Amino acid sequence: MPLVEQIGGSVADGLAYVGSLATLGRRAAYYTFVAPFQGKPLRVQRVVAQAMDIGVRALPILSLITFFIGLILALQSAYELRRFGAMNYVAAAVAISISRELGPLITAIVVIGRSGSAFAAEIGTMKVTEEIDALETMAISPIRFLVAPKFLAMVVMMPCLTIWANAMGILGGSVFGVAQADFTFLRYIQASLDSLLLRDLLTGLLKSVMFAITITAVGCQEGLITGAGAEEVGRSTTRAVVKSISLVVLVDLIFTGLFFFMGTD
């Protein structure tokens, strides 16, 4: 049956792709955390440059987006809570929603658009211009030379960006809390902090680390499998963005389900 064969082929291709991502992630982790102790150090300057691009330069757009999302959450929460006379729970609703779910997820989407696509474009261009082949000819591993610095920078910066996004989201919610919910600024911040448990923060940070691994693996993998021709670079970049967002949402679902059934979410 053609339909069954098509579905089966798509599933097999999807599993093979996930397997290739796992292999790439394993090799990048080896060159990041193990190889430096075996006389194969990372290029520290390259790691710092990647961290600056992934993290510091993303702060303006991430701050703007998460600030307004926090404000929107406060508005939406108040719309229902005021019917029950529970406006004092607006701060808790915003803080928990941002720290557990929206902070890590919005951060991941912003980073995908800025850095995940850039990874695919950079490595894809090197693939088309045969620079990858030149590295292999010189016995230099492309994974160590190109992927590992991105991997380390992403794993370090994503939790930092998530913490910043959480703070900006709570700050955005405070605008509504002070203007419409009879909070003072300090009382709103205190109510937000009182509503958060350590597990809420750790849940979001763990998700952010997994998102970082996923984004790096997809972006670099799409770059490495870029075909010949300039058009293929654009296609690789598009695929990297689409697949990264899809996989990040899937990873988010899996971990949210795990935390729920383990009683920590």
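1. Start with Gln 221, whose contacts beyond four places away in sequence are Tyr 17, Ser 20, Leu 21 and Leu 24. Keep in mind that this is a predicted model. Gln 221 sits in helix H8, residues 198-224. At a relative accessible area of 12%, Gln 221 is buried.

2. Staying with H8, have a look at Lys 207, which forms a salt bridge with Glu 101 at 2.8 Å, N to O. Lys 207 belongs to helix H8 and Glu 101 to helix H4, so this pair ties together parts 106 residues apart in sequence. The lysine, Lys 207, is buried, with a relative accessible area of 1%. Its partner Glu 101 counts as partly exposed at 25% relative accessibility.

3. H4 has another salt bridge worth a look. Glu 122 pairs with Lys 150, and their closest N and O atoms are 3.3 Å apart. Here Glu 122 is in helix H4 while Lys 150 is in helix H6 (residues 142-180), so the bridge ties together parts 28 residues apart in sequence. Lys 150 is buried at 0% relative accessibility, whereas Glu 122, at 26%, is partly exposed. Arg 46 joins in too: Arg 46, Glu 122 and Lys 150 are linked in a network of salt bridges.

4. For a salt bridge inside one helix, check H9 (residues 230-261), where Arg 235 and Glu 232 lie 3 residues apart, about one turn of the helix. Their side chains meet at 2.8 Å, N to O. Arg 235 is partly exposed, with 44% relative accessibility, and Glu 232 is buried, with a relative accessible area of 19%. The cut-off for buried is under 20%. The salt-bridge count comes to 10.

5. Now the packing of H4 (residues 90-128) on H7 (residues 185-195): the two axes come within 8 Å and cross at roughly 55°. That angle makes H4 oblique to H7, and the crossing is right-handed. On the H4 side, the contact is made by Val 90, Ala 91, Ala 92, Val 94, Ala 95 and Ile 96; H7 contributes Tyr 188, Ala 191, Ser 192 and Ser 195. By class, that gives 8 nonpolar and 2 polar residues, with no charged ones.

6. One last item concerns Val 90, one of the H4 residues in that contact with H7. Its C-alpha atom is separated by 9.9 Å from that of Glu 80, and the two residues are 10 apart along the chain. Glu 80 is found in helix H3, residues 59-81. With a relative accessible area of 35%, Glu 80 is partly exposed.

Methods. Residues numbered from 1 in each chain as written. Predicted model: local features only at pLDDT ≥ 70, side-chain atom pairs only at ≥ 80, totals over all residues. Heavy atoms only, no water. Axes fitted to C-alpha atoms, helices over the stretch in contact; angles between N-to-C directions. Helix = DSSP H or I, 4+ residues; strand = E, 2+ residues; numbered from the N terminus. Parallel < 35°, antiparallel > 145°, perpendicular 65-115°, else oblique. Left-handed = near helix turned anticlockwise from the far one by under 90°. Contact = heavy atoms within 4.5 Å. Nonpolar A, V, L, I, M, F, W, Y, C, P; charged D, E, K, R; others polar. Buried < 20%, exposed > 50% of the residue type's maximum accessible area, 1.4 Å probe, protein only. Salt bridge = Lys/Arg side-chain N within 4 Å of Asp/Glu carboxyl O.
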